[in-house]
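Good morning, colleagues. Please take a moment with the sequence and the model before I begin.

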Amino acid sequence: MKNDTDFAQWPLVGWSDDKGTPNDNWALISYNASGKKLGVQDDGDWRAADWNKLVNAPAKSGRIAPVTDWNIVDIDHGDWILSRTMLAKADWSPGNSKGNCPDTERLIGLSRS
């Protein structure tokens, strides 16, 4: 795919440490220590160009073929890499828990805890 949007994670709400410092810089919405809402469409947000490419990419529509089985990707205790393509590559974010599905499948959701 031109935008590689099948390999994207954009959490809706980010998390902050106990001092209120945002720690999830890919979240679409977060709040700073004084409670001000921060978002991807704010002036100067470094993610805005990528976000706009993602949401303005040509859409596909129509019926999705049913599947016969489902897989669970559990990243609570580290990486859960099921893609042979990704297994063949170097770890792109050491120390962070990452998960993906086999190359023949699509990831429809990912969560932690």
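I shall go from the overall fold to the charged side chains, and then to the surface.

This is a predicted model, in which local features require a pLDDT of at least 70 and side-chain atom pairs count only at pLDDT 80 or more, while totals for chains, interfaces and linings use all residues. Residues are numbered from 1 along each chain as its sequence is written, and side-chain values use heavy atoms, with hydrogens and water left out.

The protein chain has two helices and four strands, in the order β-β-α-β-α-β along the sequence. Helices (H or I, at least four residues) and strands (E, at least two) are DSSP runs, numbered from the N terminus. Of the 113 residues, 20% are buried. Here buried means under 20% relative accessible area, exposed over 50%, and partly exposed in between, with a 1.4 Å probe and protein chains only. Among contacts with a separation of 6 or more, 23% join residues 24 or more positions apart; a contact means heavy atoms within 4.5 Å.

Let me turn to the charges. How many salt bridges does a search of the whole structure find? The search finds three, a salt bridge being a side-chain nitrogen of Lys or Arg within 4 Å of a carboxyl oxygen of Asp or Glu. One of them pairs Lys-53 with Asp-50 at 3.8 Å, N to O; these residues are three apart in helix 1, and therefore separated by about one helical turn.

Lys-98 also bridges to Asp-79, at 3.2 Å. Asp-79 lies in the loop between helix 1 and strand 3 (80-81) and Lys-98 in the loop between helix 2 (84-87) and strand 4 (99-100), so the pair ties together parts 19 residues apart in sequence. A salt bridge at 3.0 Å links Asp-91 to Lys-98, and shared partners thus join Asp-79, Asp-91 and Lys-98 into one network. Lys-98 is buried, at 8% relative accessible area, whereas Asp-79 is partly exposed at 39% and Asp-91 at 41%.

Lys-98 further lies over the face of Trp-92, 5.8 Å from the ring centre. The criterion is NZ of Lys or CZ of Arg within 6 Å of the ring centre and within 35 degrees of the ring normal.

Finally, the surface. Leu-12, in the segment before strand 1 (29-31), is exposed, with a relative accessible area of 55%.
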